[in-house]
Structure formats: C-alpha cells, structure tokens
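Student: I am new to this structure. Could you show it to me and explain how some of its labels are reached?

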Amino acid sequence: MLNITGIVIGVSTIAIIWFGRYACIAGEYHFSKKLWIAFLAVGLAGVGASFFISNTLISAITSILGFTFLWGIHEIIEQEERVNKGWFPRNPKREK
C-alpha cells in the first residue's frame with residue numbers, strides 16, 4: 001500500500017504558501033501593513049494548535065499554515081515597500 005502522506009503535505013504546503021502570498025497582497029491593499037497583528041495571531045494559533053493535534057498529517061498542515069502566516073508578517077511589510085516603488089497598485093480609497 002502506498003503512503004501518500006508526504007504528497008498530501010507537499011500539495012498542502014504549495015496551496016498554503018500560495019494563499020499566504022495572496023493574503024499578503026490583498027491584505028496590504030485593503031488594510032495596510034497594520035494587518036501584521038492578525039497574521040501574528042493566526043500564526044501563533046496555528047503553531048500552538050499543532051502541538052495538541054494528535055494526527056500527524058493535520059498537525060503538520062496546521063503548523064505549516066501557522067509558520068506561513070508568521071512569515072507573512074515580513075511579507076506584508078515588504079509589500080508596502082513594493083507598493084511605494086510602484087510594483088503593485090495602491091488602494092486609492094486609503095490615505096497614504
């Protein structure tokens with residue numbers, strides 16, 4: 001019997017990283033870099049929850065999600081700099 005756990009974790013990692021990248025771009029556009037506090041809360045919750053989940057697959061995916069959001073804090077700050085350089089659009093409804 002084949003063990004697909006590694007494949008599931010790999011595919012989940014790619015999907016979570018993609019979602020995290022999109023969340024950084026869209027989050028900075030709509031809420032500014034102040035969104036880092038929410039990313040910190042979700043990241044710490046994900047990493048903390050992974051300690052208490054007995055299923056290895058679910059624990060790994062939860063931990064990956066948590067660490068992706070913790071890394072996203074840095075990316076949100078970088079995203080603001082990318083917007084200032086003109087690489088991404090600035091939200092016209094938000095003050096500079």
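Tutor: Happily; this is a predicted model, and we can take its labels one at a time.

Student: Why is Val11 called exposed?

Tutor: Exposed means over 50% relative accessible area. Val11, in helix α1, has 54% relative accessibility, so Val11 counts as exposed. Val11 also belongs to a nonpolar surface patch with Leu2, Ile4, Ile7 and Val8, with about 520 Å² of accessible area together.

Student: And why is Ser32 called buried?

Tutor: The cut-off for buried is under 20%. Ser32 has a relative accessible area of 13%, so the label buried fits. Ser32 sits in the loop between α1 and α2, and its phi is near 75°, a positive value in a residue other than glycine.

Student: What makes Arg21 and Glu75 a salt bridge?

Tutor: The rule asks for a side-chain nitrogen of Lys or Arg within 4 Å of a carboxyl oxygen of Asp or Glu. For Arg21 and Glu75 the N to O distance is 3.8 Å, so the pair qualifies. Arg21 lies in helix α1 and Glu75 in helix α3, so the pair ties together parts that are 54 residues apart in sequence.

Student: How do you know that Glu75 is buried while Arg21 is partly exposed?

Tutor: Partly exposed lies between the buried and exposed cut-offs, under 20% and over 50%. Glu75 has 16%, so it is buried; Arg21 has 32%, so it is partly exposed.

Student: Which residues are linked with Glu75 in a network of salt bridges?

Tutor: Arg21 and Arg82. The closest N and O atoms of Glu75 and Arg82 are 2.9 Å apart, so this pair also meets the 4 Å rule.

Methods:
Residues numbered from 1 in each chain as written. Predicted model: local features only at pLDDT ≥ 70, side-chain atom pairs only at ≥ 80, totals over all residues. Heavy atoms only, no water. Helix = DSSP H or I, 4+ residues; strand = E, 2+ residues; numbered from the N terminus. Buried < 20%, exposed > 50% of the residue type's maximum accessible area, 1.4 Å probe, protein only. Patch = residues over 30% accessible without salt bridge, like charges linked within 9 Å, V, L, I, M, F, W, Y side chains within 5 Å. Areas by Shrake-Rupley, 256 points an atom, 1.4 Å probe, with all protein chains shown as cover.
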